[in-house]
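Reader: I am new to reading structures and keep meeting words that nobody explains. Could we go through some of them together?

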Amino acid sequence: MKKLAEFFAKVEKHFVKGGKFEGLFPVFEMIDTFILTPLNRTKGKTHIRDGLDLKRVMTTVVVALIPCVIMALYNTGYQANLAYALDNSKTAIGFRHTLMEFFNIPYDYKSIGSNFFLGSLYFFPLYIITLIVGGTWELLFAVVRKHEIGEAFLVTSLLYPLILPPTVPLWEASVALSIGLVLGKEVFGGTGRNIVNPALFSRAVLFFAYPASMSGDKVWVGLDSISKATPLAEMASTGNISYSLTDAFLGFIPGSMGETSTLACLFGAFVLIYTGIGSWRIILSSVIGLLGVSSVFYMIGSDTNYMFQLSPLTHLIIGGFAFGVVFMATDPVSASMTEKGKYYYGFLIGALTAIIRIVNPAYPEGAMLAILFANIMAPLIDHFVIEGNIKRREKKYAARI
Amino acid sequence: MKEIKIKKGVRLPLFCQYNDGNIENITPKSVGITTEDYKLFKPKLLADDNGKITPFDFLLQDKKNEDLKLNILANGTFKGVTRGEKRKILSACVEVEENNFEFNFKADKNNIIKTLLESGLFSAFRQRPFDMLPDPKNLPDVIFVNAMDTRPLAYNANSVISLIKDEFIEGLKIINNIAKSKVFVCVDKKFELNISETEKLNIVKFLGNHPAGLVGTHIHHLCPVNEKKSVWYIDFQEVAAIGKLFSKNILSAYRYIAVSDITNQKITVVKAPLGSNILEILNRDLDEDIRIISGNILYGRKVTKDEPFLGRYDYQITILNEMTERKFMEWALPGIDVFSVKNVFLSKIFGNKYVTFDTSMHGSIRPIIPVGSYEKVFPFDIEITHLLRYLSIGDTDMAQKLGCLELGEEDLALCTFVCPGKNDYSKLLRDVLDSIYHEAF
């Protein structure tokens, strides 16, 4: 380690002010501190520090996401292989099919290896392109602003492919991510200062800019022109769901790559709540909001709108609600920051998700829009909580000696 | 007796063997004043270099309030001041010539404030808001006496109180005469002294982890201050010194100080004069691998060659290892010997009782990421995350509305400690408090 430290110390002079590569200091700093703990000593009057830093915060979120990533890899391939079993005239197209043939991997939904391999061919290209595009923007803004590269983009870049359908074109995903990162985060000052969740905002850009790649029945299965509806879309159009609740809970259904498994999301929720990185208040109140509002609609009932008939418990299991609430709504920067405000913020997400899903005829899924709307409302919620606090404290001054 | 339970806060997993053997009397060769201890004090030099100094000679005077003067309780020679940027006086030093730190002083019980000002003991009082020396012309409605200590590795306040109980009780009588309406004596659960409460004199027990023992916590829960209302506060050892002055006519410079050596895992208690040279108390030189702190590891001043003196309000000296080694990919390590208030390290899961702390930042400076760490350790009814955000942009109006006037720098030390973005909120608070003060006065 000493030699490595000496090497970095030797190279550093080229990247600091006056050095040959002065402008690339953020890149050097990123690599240097990725490999070795920075030799940063406390300077002020607090001489020791808690071990938690932004790198550890982000690492914890990545750990929480691991089951979702595994399910994204497996289920994406599984859904494609399942579709192949029904219609073996359709295969993956382009480089994916070429690679399947090159490695002589059969389209077989019973083969775990085949499912993972085919799923990887959908997930990793999106993940890699997201890392490249996201990393480039982060680097560009870090160099221009002359600050260090934030670690948050590592989580954003992992969340983003998980909330996309497998067949989304890479260029469309890149354009939407660029717009989402620049307008959703960097223009506000970057990590820690964004108003909306950048990954979710990018998905919304993709949703509205390229609706053909983000909705409809043909985007959820990674085989050429195979049509399969998500459970929510099925319910909205036919009033029935052809998947068992167990499959929906475990995640063996079509949908955005990482969002299908409620079980994987529950693991993520456990990690985030146990470590204290995600707010249990937000998660709990979101669930209460969804259950409460959907129960009201369920009790009212409707013969023309099938979504009224979807039971509140099923609302929790299908669609992107679980993933959105666990990984998007709990984003500490775009969420409400006051403890009390988190209850209102979470409830708003749950209630809005139910309302959009049930009442709005255009979108059978509402979690994304609900969270984005709540992101924008979070400062207002905090404002009212803070005003309440200020008034309460003023009364306290008057009441005491 | 009123009891207040503080649920938030933290107990650091530190281990130090407490050595309660003989308490050594320290006789330093030099003593001094560090101006940083006196917030908003604009020092004017009153003494001449190499002139003879007695405890009754004042060395520094506040340019704004000439009643406020600072002295050194020792006989010796004034060796001058050290200066920093813009020739600001950092410290004043006296070379001790007589190893006696207790002096006869005729105290006048009918004119308490005058006696305190002339003896120099008035500087034991501080005022909230602003954490500064109070104006002796405006006596306070309320005085807080802090008779407990929850700071990391501090001494057991009750043991020290038992050594000075008579002086302490005498001192409380004097304090009772200064306050117009209330005196709150804040104690911990082990406080044993039998003091009868009156309508004016109130004993309040504070239970819980640090910062339950900080005066800011006491003030917030009992008598919060604002721009229109201020309170004074004082430590129990200073109350005892005042008691000794008025009951025995002895002006004593001696205070009990806990020396916490994290590097050797031991705490000793010594009796040292105010402003003692810390290197002489420790009998060692400055070392690059070791950090010596006047105060504790959460809030204290690093001892340097220019400012080696014990802080006026510090009853603790701490020795801590400097961080010298860069670890390989520490962000991915399980963290068996790292402490966090969040459950992100294996040390929490395995219930590691003690953790080795050094001066590592454990990361680089980043923006405020509000993952709820501040709320875990901050026991005030204040929206802390937003207050910290307003402090970081220097918004004095919102910071004031959110309650920054109730706070002293030490109250935000735990927020600095837990901050994942590694920001220093004590410093930000000081800047904002100074701005508010300069705008108002």
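**Helices and sheets, term by term**

Author: Gladly! Helix 3 of chain A and helix 5 of chain A are roughly perpendicular to each other. This is a predicted model, where local features need pLDDT of at least 70 and side-chain atom pairs count only at pLDDT 80 or more, while totals for chains, interfaces and linings use all residues. Residues are numbered from 1 along each chain as its sequence is written, chains are lettered from A and ligands numbered from 1 in the order in which they are written, and side-chain values use heavy atoms, leaving out hydrogens and water.

Reader: Why are helix 3 of chain A and helix 5 of chain A called roughly perpendicular?

Author: Their packing angle is about 105°, with the axes 6 Å apart. Angles of 65 to 115 degrees count as roughly perpendicular, under 35 as roughly parallel, over 145 as roughly antiparallel and the rest as oblique. The value of about 105° therefore fits the roughly perpendicular class.

Reader: What makes up the contact of helix 3 of chain A with helix 5 of chain A, by class?

Author: Contact means heavy atoms within 4.5 Å. Among the residues making it are A:V69 and A:L73 of helix 3 of chain A, and A:F116 and A:F123 of helix 5 of chain A. The residues divide into 13 nonpolar, seven polar and no charged.

Reader: How do you know which description suits helix 13 of chain A and helix 15 of chain A?

Author: Helix 13 (residues 280–300) of chain A and helix 15 (residues 321–329) of chain A pack at about 150°, their axes 10 Å apart. The two are therefore roughly antiparallel to each other. Their contact includes A:I282 and A:L290 of helix 13 of chain A, and A:F321 and A:V325 of helix 15 of chain A. By class, that contact has eight nonpolar, one polar and no charged residues.

Reader: What makes a strand of chain B an edge strand?

Author: An edge strand pairs on one side only. Two strands pair if DSSP finds at least two bridges between them. In chain B, an open sheet of four strands has the order 3-9-8-5, with antiparallel pairing. Its edge strands are strand 3 (30–34) and strand 5 (52–53) of chain B.

Reader: How do you know that strand 3 of chain B pairs with strand 9 of chain B?

Author: Five bridges link strand 3 of chain B and strand 9 (residues 89–96) of chain B in the antiparallel sense, and at least two are needed. Within this pairing, B:I33 stands opposite B:A92 in strand 9 of chain B.

Definitions and conventions: Axes fitted to C-alpha atoms, helices over the stretch in contact; angles between N-to-C directions. Nonpolar A, V, L, I, M, F, W, Y, C, P; charged D, E, K, R; others polar.
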